[in-house]
Amino acid sequence: MEPPTSSRLNSRKRRKDGSGPNGATELDGIPPKMSRHSLGLREPAPFSDEVEIDYSKPYVRVTYEEAMRGTPLDRPVRVYADGIFDLFHSGHARALMQAKNLFPNTYLIVGVCSDELTHNFKGFTVMNENERYDAVQHCRYVDEVLRNAPWTLTPEFLAEHRIDFVAHDDIPYSSAGSDDVYKHIKEAGMFAPTQRTEGISTSDIITRIVRDYDVYARRNLQRGYTAKELNVSFINEKKYHLQERVDKVKKRVKDVEEKSKEFVQKVEEKSIDLIQKWEEKSREFIGNFLEMFGPEGALKHMLKEGKGRMLQAISPKQSPSSSPTHDRSPSPSFRWPFSTKTPPSSPANRSRNESAVTYDISEDEED
């Protein structure tokens with residue numbers, strides 16, 4: 001039980017000390033970052049008839065175990081992979097990548113069948129043989145391209161090109177009256193299987209084009225191709241042009257609908273903002289109104305204070321009741337504005353005035 005524990009601890013330590021993102025290492029399935037330099041070749045792969053083979057050295061085929069251990073640099077493992085490679089796509093490139101990486105030191109030879117063989121045994125191709133040769137030449141995993149490759153591999157062909165292993169997917173390939181054209185290669189122990197890439201193949205690409213034929217025909221007519229070049233009849237050409245106009249009108253209507261929706265949405269947003277602002281302002285106005293004119297508002301207090309001041313100014317100042325009447329100074333009389341008459345006086349004042357008048361009259365009589 002100790003080795004698993006120690007390995008677990010070591011793995012944790014590697015994660016902690018790892019240089020990858022978030023402490024990840026190669027064991028976590030994240031490929032390490034590569035230095036910035038060009039890994040591709042600057043020239044396409046040569047053809048087999050352009051490559052010289054040293055026939056002075058005897059051809060001794062290496063075993064699978066020897067190939068896996070690694071061979072000398074001057075004696076790479078020669079792997080052969082053949083195919084049609086019509087509409088060269090990522091599935092082809094991945095298959096050739098797997099063939100190139102079968103062994104540590106691999107020299108990959110790719111055979112491409114001619115148009116004549118392909119049309120006889122498989123069917124019509126989209127690309128001609130020269131286009132297919134050129135496409136395979138520019139794949140980075142290919143070291144050599146064999147033109148006009150045979151449909152069935154014979155021992156003489158394998159010996160002539162000094163082939164050690166043949167790479168292909170493991171699915172039986174029935175053709176040319178055989179249930180599997182690679183059956184004898186498998187029996188000889190020279191077969192190295194590769195995996196197919198699901199979801200991509202030449203047949204799938206052609207199926208997509210045929211399924212959406214009208215779309216691609218209209219597309220190419222719009223780009224300047226003639227109906228004759230596309231093998232389109234006069235009626236279909238007019239139909240495609242009419243469909244193109246209808247699609248343009250639909251697109252314009254759709255654009256107008258989207259713009260109108262955006263406009264309505266903006267109006268709704270602005271109306272909501274205006275309503276919210278109006279509610280805030282109305283609340284503020286009502287609050288200010290109640291503070292000024294409410295039951296306990298500032299206006300009521302102002303009126304009370306003004307009323308008190310007016311009453312103080314109008315009413316006379318009364319003396320204390322404990323002081324004697326004869327010592328009390330007469331209160332200042334209040335004269336009504338715009339009037340010559342004096343207001344009625346109190347009885348005490350009235351008697352005092354009468355005595356003064358009588359006194360003055362007696363003095364006049366004596367005089």
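Which residues form one aromatic cluster with Tyr64? In this predicted model, the partners of Tyr64 in the cluster are Phe103 and Phe165. Rings turn up elsewhere too, and the count of aromatic pairs comes to eight.

One of these pairs is made by Phe47 and Tyr133. Their ring centres lie 6.5 Å apart and their planes meet at 75°, so the pair is edge-to-face; the cut-off for that label is an angle over 60 degrees. Phe47 sits in the loop between helix H1 (2–17) and helix H2 (64–69), while Tyr133 belongs to helix H5 (residues 129–137), and the pair thus links distant parts of the chain, 86 residues apart. Both Phe47 and Tyr133 are buried. Phe47 has a charged neighbour as well: Arg147 lies over the face of its ring, at 3.8 Å from the ring centre.

A second pair brings together Phe121 and Trp151, and here the rings are stacked, at 5.2 Å centre to centre with 20° between the planes. Phe121 lies in helix H4 (residues 115–121) and Trp151 in the loop between strand E3 (144–147) and helix H6 (155–160), so this pair ties together parts that are 30 residues apart in sequence. Are the two partners buried or exposed, or somewhere in between? Phe121 has a relative accessible area of 41% and is therefore partly exposed. Trp151, in contrast, has a relative accessible area of 11% and is buried, because the cut-off for buried is under 20%. Another charge over a ring is found at Phe191, where Lys186 lies over the face, at 5.0 Å from the ring centre.

Helix H5, the home of Tyr133, deserves a further look. What does H5 pack against? Its buried residues pack against strand E2 (106–112), H4 and E3. Besides Tyr133, the buried residues in H5 include Arg132, Ala135, Val136 and Gln137. At the start of H5, Asn128 places a side-chain oxygen within 3.2 Å of the backbone nitrogen of Asn130.

Finally, a word on confidence. The protein chain has a mean pLDDT of 79, and 75% of its residues reach 70 or more. Over residues 1–25, pLDDT stays under 50, and the model has 13 contacts beyond four places in sequence for this stretch. Residues 355–367 also stay under 50, with zero contacts beyond four places in sequence. Where pLDDT is low, the predicted coordinates should not be read in detail.

Key. Residues are numbered from 1 along each chain as its sequence is written. This is a predicted model: local features need pLDDT of at least 70, side-chain atom pairs count only at pLDDT 80 or more; totals for chains, interfaces and linings use all residues. Side-chain values use heavy atoms; hydrogens and water are left out. Rings of Phe, Tyr and Trp (its six-membered ring) pair if their centres lie within 6.5 Å; planes under 30 degrees apart count as stacked, over 60 as edge-to-face and the rest as tilted. Helices (H or I, at least four residues) and strands (E, at least two) are DSSP runs, numbered from the N terminus. Buried means under 20% relative accessible area, exposed over 50%, partly exposed in between (1.4 Å probe, protein chains only). A charge sits over a ring if NZ of Lys or CZ of Arg is within 6 Å of the ring centre and within 35 degrees of the ring normal. Contact means heavy atoms within 4.5 Å. A polar contact is a pair of N or O atoms within 3.5 Å; within protein, one must be able to donate a hydrogen and the other to accept it, and residues adjacent in sequence count only if both atoms are side-chain atoms. pLDDT is the predictor's confidence in each residue, from 0 to 100.
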